[in-house]
Amino acid sequence: MILRQQRQSALRRALILGAAAGALAFGTSAHAEETLKIGALGVMSGPFAGWGGVMCQTFKSRAGMWNDDGGVAIGDKTYKVEVVCVDDKGDPKGAQTGAEKLVSEGVKYIQGPNTDSTAESAKTVMEANGTINMPYAFSKSLYKAPASQSILGMVASYQVGPVIYKWLMENKGVKKIAFVSENNADPIKQRDEGSAGAKALGLEVVSDQETYESGTTDFFPILTKVIGTAPDHIVLSGVSPSDVGPLIKAARELGFTGTMSTETGQDPKAIYEVAGDAANGFIAAGGASTEAIRSDFMVKFIDRYTKDWGEWNDVAGLYVYGPEIMIQTLQSVGPKALEDTEAFKASLDGFVGKNPFLKDGGELKYVGRTDYGQARQVSVPIVVQQVENGEYKPLFVGKLPD
């Protein structure tokens with residue numbers, strides 16, 4: 001627990017330093033020819049800080065790489081990239097206020113927010129002002145018409161959950177499954193979608209109603225109930241980075257020997273620091289940077305991120321897809337997209353960029369037509385992996401449907 005608190009303190013210090021660095025960059029950018037201001041809006045404090053905080057840091061590190069190379073060419077001008085990070089504190093009101101702040105500063109492209117409730121709140125501002133944002137939230141109403149301004153930046157839990165469950169059925173003999181979540185709208189929604197997906201595959205759902213309150217430190221009572229239903233597998237639905245380690249540790253101390261997973265991105269080092277060897281075998285999805293598939297450029301990015309913030313966080317390997325496809329699309333569309341996001345949106349169906357992060361290369365494009373009826377999702381790879389001594393080892397890699 002002490003190590004976890006130290007990591008959170010280090011994250012907060014890094015964000016403060018990063019914000020200061022961003023302010024200094026803005027102060028000196030008056031001497032540069034052009035500046036492209038991009039936003040990052042998300043939860044950067046509290047138990048979910050491991051999501052929004054890493055998102056902000058990822059964007060700043062990638063922007064630093066572009067700027068070190070002389071900036072980003074859009075049309076006949078070259079722009080320095082300035083990242084403005086706003087902490088919504090995981091609060092819908094904070095997300096709306098933060099979105100309004102970024103819009104008032106002329107920001108047209110924003111990465112985040114990180115939860116359904118905050119993304120839904122920010123959506124009203126995005127739609128009203130013609131601002132593009134890339135949430136890490138799974139609510140389909142964000143991406144289905146008539147909504148048009150939000151683009152999902154990752155794989156949704158309801159897309160990857162059944163993929164994991166099917167693999168467990170075929171490779172681990174899983175027949176009975178249980179779900180546990182925080183008593184909060186977003187995790188409960190992910191739990192319900194996961195339970196429905198499991199039932200559709202023919203799994204027996206033995207428990208899917210047990211919840212714990214935010215701030216819980218003793219998970220033994222709830223896990224005693226869940227384990228008492230004799231599941232082969234337990235899903236931690238929408239689990240926050242600060243809870244995943246304690247939940248795994250408590251389950252193992254109660255004698256649970258089955259498999260465990262989550263569909264949200266997590267940092268394996270943080271999990272291992274809390275749960276130790278009990279974390280080995282824990283399955284997670286959402287990262288996109290396992291060693292087996294990394295390109296040389298991804299290795300460069302990892303080195304840059306580590307230099308900037310002190311240590312690598314696997315979730316950054318997912319978040320980096322957002323700024324990358326944003327910039328590549330702006331370069332493809334040209335200067336008109338800097339002022340008019342309608343031009344940006346009009347390009348989504350036909351856009352095909354280069355994926356610099358995968359060893360075998362490949363395309364970077366917008367998908368989502370299957371689930372949302374329009375191209376409103378980034379084509380990140382589905383990487384399913386398990387924790388092994390504080391590192392991720394890939395189980396398998398898939399891809400999103402069009």
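## Salt bridges

A salt bridge here is a side-chain nitrogen of Lys or Arg within 4 Å of a carboxyl oxygen of Asp or Glu. The structure is a predicted model, and a search of the whole of it finds 13 such pairs. Side chains of opposite charge can pair when their charged atoms come close.

Asp 349 and Arg 369 form one salt bridge, with the closest N and O atoms 3.1 Å apart. Asp 349 lies in the loop between α14 (341–346) and β11 (352–354), while Arg 369 belongs to helix α15 (residues 369–372), so the pair ties together parts that are 20 residues apart in sequence. Asp 349 is exposed, with a relative accessible area of 57%. Arg 369 is partly exposed, at 26% relative accessibility.

## Further charged pairs

Asp 308 forms a salt bridge with Arg 304, and their closest N and O atoms are 3.1 Å apart. Both residues lie in helix α10 (residues 296–309), 4 residues apart, about one turn of the helix. An α-helix has 3.6 residues a turn, so residues three or four places apart point the same way. Asp 308 is partly exposed, with a relative accessible area of 31%.

Arg 191 pairs with Asp 192, the closest N and O atoms being 3.0 Å apart. Arg 191 is buried, at a relative accessible area of 6%, whereas Asp 192 is partly exposed at 39%. Elsewhere, salt bridges link Lys 37, Lys 101 and Glu 105 in a network.

## Helix α4

Helix α4 covers residues 116–129, 14 residues in total. From its first C-alpha to its last it reaches 20 Å, close to the 20 Å expected at 1.5 Å a residue. The helix has a kink of about 30 degrees, centred on Ala 122. Just after α4, Gly 130 takes a positive phi of about 65 degrees.

Ala 122 is also one of the buried residues of α4. The others are Asp 116, Thr 118, Ala 119, Ser 121, Lys 123, Val 125 and Met 126. Against which elements do the buried residues of α4 pack? They pack against the strands β1 (35–42), β4 (109–111) and β5 (132–134), and against the helices α3 (92–104) and α6 (185–200).

## The largest nonpolar core

In soluble globular proteins, nonpolar side chains tend to be buried together. The largest nonpolar core in this model has 82 residues. Leu 330, Phe 344 and Tyr 366 have the most contacts inside it. Helix α2 (residues 49–68) supplies the largest share of this core, 8 residues.

Leaving aside neighbours within four places in sequence, Leu 330 is in contact with Leu 36, Ile 74, Tyr 109, Ala 337, Leu 338 and Phe 344. Phe 344 is thus listed both among the contacts of Leu 330 and among the residues with the most contacts in the core.

## A separate core

Apart from the largest core lies another, of 25 residues, among them Ile 227, Leu 247, Ala 251 and Phe 282. Leu 247 sits in helix α8 (residues 241–253). Is Leu 247 buried or exposed? At 1% relative accessibility, Leu 247 counts as buried, because buried means under 20%.

Beyond its neighbours within four places in sequence, Leu 247 is in contact with Tyr 212, Phe 219, Leu 223, Leu 236, Val 239 and Met 260. Leu 223, one of these contacts, is 24 residues from Leu 247 along the chain, and the C-alpha atoms of the two are separated by 8.1 Å.

Definitions and conventions
Residues numbered from 1 in each chain as written. Predicted model: local features only at pLDDT ≥ 70, side-chain atom pairs only at ≥ 80, totals over all residues. Heavy atoms only, no water. Helix = DSSP H or I, 4+ residues; strand = E, 2+ residues; numbered from the N terminus. Expected span 1.5 Å × (residues − 1). Bend = angle between axes of the 7 residues up to and from the residue. Buried < 20%, exposed > 50% of the residue type's maximum accessible area, 1.4 Å probe, protein only. Contact = heavy atoms within 4.5 Å. Core = buried A, V, L, I, M, F, W, Y, C linked by side-chain atoms within 4.5 Å.
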